[in-house]
Structures are given as structure tokens and as C-alpha cells.
Amino acid sequence: MILRFNRPHNLHKCNSKKMINDRFFWLGHPVVFRPGETFSAALRRAGLDDLGPAMGQLRGRYFCGIGACQACLVSVNGAAPVEACLTPARAGVQVTLAAPPACEVHRVAA
Amino acid sequence: MWQPDVLVVGGGPAGVAAAVDLAGMGLSVLLAEQRDRLGGAIHRAYAGVGSSPVKRNAHHERRWHALLAQVQQEGARLRVQLQSVFLGVEGDGRYLLDDRVAGRVRPVRPRAVVMAVGGVERVLPVPGWELPGVSTVGGLQLQLKETGEAPLGPILVAGSGPLPLAYAAQLAAAGHPPLALLERGTPFGTALAHPGAAFNGLRSWPPLAEALGYARQLWRSGVPYRTGCRVKAIEAMAQGLRVTAVDQRGQTQVYEVAQLALHDGLDVNQTGLPRQTAAGLPVVWAGDCREVLGAEAAVQDGRQAAQQVAKALGQPCPEANFDDRLQSARRLQAALRTLYQVPTLDIMPETVVCRCEGLRASGFAALQGAGSAHEIRVIGRFAMGACQGRFCARAAQALAAQAGVAFEPQDLRGSVPRWPLRPVSVAALAAYTDE
């Protein structure tokens, strides 16, 4: 049996839209956020689950939410990597994925 | 620069309880927390205006607000440093904190240390668990607490234990019920087979009442709770995920979702922590990073750690015994482990084991010459990624055991902590001062 997206989903129940007006830029595109929330909370609300190509042919993405898995490392205004799940969003900054896709794993043959 | 008597790392229930007690004993305390607010995962603060739309355990909330009030009362003796990440320890006992507000690494030279960094979720590897849209239940739950909003699109909650039940019920209460809650174990059948464990679970009334409340919420929202059912594979579609689940009779069911929440229990989190036996400087681990006993017990464990530190420093402190309360939490956790016991998972060859570098289970075939945890790490690169083995060590250990190489999961991480524990900018290191 295949279940389709047919369940009524009551998204954004809270009156969040009124309160959101700050924005940062993900790969140049504006992403709105509410003061006090993290970059990853805002990215996920914008439907940006896939953060782009990362190491080992994987994708940058949110996973653990506590800085333990290091899968959501982003660069803010070109700076060194920080966890999107820990870092409070700031207005006006440019944010990109920090995991270098070109940096492939080099394994020594056994 | 001001130097505290005690450095406490981690601003969840264990760390805050330890810090408050230590300050109350007259010691100066620096409490370092990686986030911009105290609370840890359990008490993640609502970022919206007004009160959180997500219902929380009232008893836990009261206790937490009492602790926060105590932090305020201690004043200058207890300093809280937010957005500061523990990186490691320099040879001469300087604890390095990455102060991400100031943009520089700060050394701390405490007389004692409490490490209370919290636990980590266990997630068993299944094909596709590395895809975007797949997150841990705890990770999604703390975003629900923080934003007051459910994730976008249809969601499936799967895995094992009480946390998926709680999260599924919270989603339903927020008006966004999951398509289903899949539980790998068979807690009801197990309760009949192990009445002792069931009895021990029943003795702990508050958590049981909480679980019944969640079950009622799921029932009212019409969320199916399927026990003995596990996720077999996850595939990326043009939009969203196709999740194939299989039950005990081998019947499969396919769910098309935008989000999949996975959780297979909680683990201690000791990767990169300075050892408790460090010569000279007393170091005590507290809370779920030391032993997974839950938020309630973490407060007691933090207070116990404070007492141990005070004794080690020769500071007078009130005598208190925390054994009974920790023991009762231990009994409940043991009962839960029995009730939620699950069959071991066969790891398919194509399954990604290392989520940092994309190493697959099939990569183990190339490691036939590797005869130890050390060789699997150095040659195979398992546990060498940015997460330092937090999410692959168990699977790598299971795969190695099948190949006849026996070791404990923590052995894969090696005996020397890999510091810095987190990425740190060269600019922050260059701004390091010892004044």
C-alpha cells in the first residue's frame, strides 16, 4: 500500500508570519527568520533541507540539532565553519555550505 | 583575566545544577554553554513571542525555572558564558573555549572541572539514512520546542523507545500528526513476557502518566502506532522521501514523506572529554554524557558532581546522598531497556556507515587485513570524520565483530582525544590571549 500526501496538514499554526521580518541570504536567496532562532531552523522552514554537495558524495543537511554530527556546517560571510543548528541567525549575512565538495576522502589501500 | 575555581561545561540540567551548587558552596564558577541560551536539548527555549505552543512536562519546567532563578541569585560568583564551545585541554591544564561571540579562543585555568555535555542519540544505519530530510527525533523535537512549528510536509516517526512516542504526540498536539509511529520493539508483548520489568516501569508513576498522556494524544489524532515495525530503506524522490517499512510478518508498507525522524535510544557522549582520572586537576562527568538517566536524574547527578568537586578541593559542603534517586532512575531506565528490547539490525552492504565521509558497509570487505579497532580507523577511516565516530562507532563495531574482530565501540575513537573537538577558525586561534 502506498500512502500519498493526502493528510490535511495544518502548517504554521502559530502566527509566525507576523513576527518574521529579518532575513539572511542563503546562496544569495533571502531567508526570513525570527530573532532567537538558529540558521538551521530558518533554512528548514524555507524548505531548504538539502544544503548542497558535501564530502563523500553526501549532502549537507540537518540531522542531530546539538552540534554532534557536524553535517550542517555553514560559513557565515565567508568565515570558518560553524554548526547551523547552534548558531543564532543574523540579519543581512551571506550563508553558504561550509563542507568542501571537492575535498574527497583519500583512503590508503588495505 | 578572571579565573574561576571551577569550569562547568554544558548548560543543561546537570551542568546548571552543578554550577548552582558549587557557587552556593562559595566557589567561583564559569558555566560555558554552546548555545545562546541555557537549557540543553530538554529545556530548549522558545524563540517566539509569548509562551510556547508546545506542551511540556510541567514538573520538569518548574524544576528548571527554579534552577534558572538560582543562577540569577548567585550573581558574580557564577558567570555564564554563552555561545562558547569546549575545544580541548592544553598540555599544562588550560581548558580552551571557543568564544564565538568575541570571535576568539579563551583559556581557562580552573582548579576543577565538571563536564556535563549531555547525551547523544543512537540511530541505526539503514540504506538512505544519510539523505537530507532524515533527522534524529531529538533534533526535530528541539526545533519544535524552539520554533513552535512542526516541520514542513508529511512526516514519519520511526525507531525505538519513549522519545519517538513523545515527539509523535507533540506533533499531533501541534496539529501536524505524523503519518504513523513505527516502533521496532514490541513493548506490550514484552511487558507480558517480562512482568518484572513491567512492574518496575509501573512503579515510576510520573513517567508512566506522561507516556499514557502521549498515547491518548496519538489515539485522539488517529496516528497508527505500529510495533514490531522497522524502516528497511529510504530513497530520495524528486520531492521528499520514499520510506519502506517492514513488520514482523515481513509485510512491507511504503510511506511517501517530506521528513523522517529516526531514534534508536540514547547513548552516553564521552568523545573527547578529558578523563575523570586526570592527575592533579579533578574532573567529574555529570548527567547524560556520563550515564543516560534522563533530565530528572541529571539534576541529581550534577549536584553529586558538585559535592565531589567540593570534596576534592577541600571546600566545606553539606552532606547529601544522591544514590537513592539515581538508583531509582537507573531502575526505570533498565525497565525501559527491557520493554523496548529490539532485534539486532543487519547492515546492508550499500548502507552508508560513516555519515561524515560517505563510507559504506561494503567498504569493510576491503579491510580484511585490518585486525584491530586502530587499523579499521587508520586504514578504513571509520570514526575519522568530523563527528569523531559518534554516529558510526556502534555500526563499525558490529561489522567488525561479524568479521571476527572484537572491540568496544569507544575503542574505535582511540585512546587520545582528538582536540580541537569542533571546527575553530584560525582567526579565533590567532586572537588567543593568555592575559
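In this predicted model, a helix contact in chain B makes a convenient starting point: from H4(B), the residues B:Pro162, B:Leu165, B:Ala166, B:Ala168, B:Ala169, B:Ala172 and B:Ala173 meet B:Ala211, B:Tyr214, B:Gln217, B:Leu218 and B:Ser221 of H7(B). Sorted by character, the residues of this contact comprise 10 nonpolar and 2 polar ones, with no charged residue among them.

The geometry of the pair can be read from the helix axes. Helix H4 of chain B spans residues 162-173 and helix H7 of chain B spans residues 205-221, and the two pack with their axes 9 Å apart at an angle of about 50°. Angles between 35 and 65 degrees fall outside the roughly parallel and roughly perpendicular ranges, and H4(B) and H7(B) are therefore oblique to each other. The handedness of the crossing of H4(B) and H7(B) is left-handed.

From this contact one may turn to the nonpolar core. The largest such core contains 155 residues, and B:Ala18, B:Leu22, B:Val114 and B:Ala396 are those with the most contacts inside it. One of these, B:Ala396, is in contact with B:Val353, B:Ile376, B:Phe382, B:Ala383 and B:Leu412, when its neighbours within four places in sequence are left aside. In soluble globular proteins, nonpolar side chains tend to be buried together.

Chain A, for its part, has 2 helices and 6 strands, whose order from the N terminus on is β-α-β-β-α-β-β-β. This chain has 110 residues, of which 43% count as buried; among the contacts in chain A with a separation of 6 or more, 40% are accounted for by residues 24 or more positions apart.

Note on methods:
Residues numbered from 1 in each chain as written. Chains lettered and ligands numbered in written order. Predicted model: local features only at pLDDT ≥ 70, side-chain atom pairs only at ≥ 80, totals over all residues. Helix = DSSP H or I, 4+ residues; strand = E, 2+ residues; numbered from the N terminus. Buried ≥ 20, exposed ≤ 12 C-beta atoms within 10 Å, placed from the backbone. Contact = placed C-beta atoms within 7 Å. Axes fitted to C-alpha atoms, helices over the stretch in contact; angles between N-to-C directions. Parallel < 35°, antiparallel > 145°, perpendicular 65-115°, else oblique. Left-handed = near helix turned anticlockwise from the far one by under 90°. Nonpolar A, V, L, I, M, F, W, Y, C, P; charged D, E, K, R; others polar. Core = buried A, V, L, I, M, F, W, Y, C linked by C-beta atoms within 7 Å.
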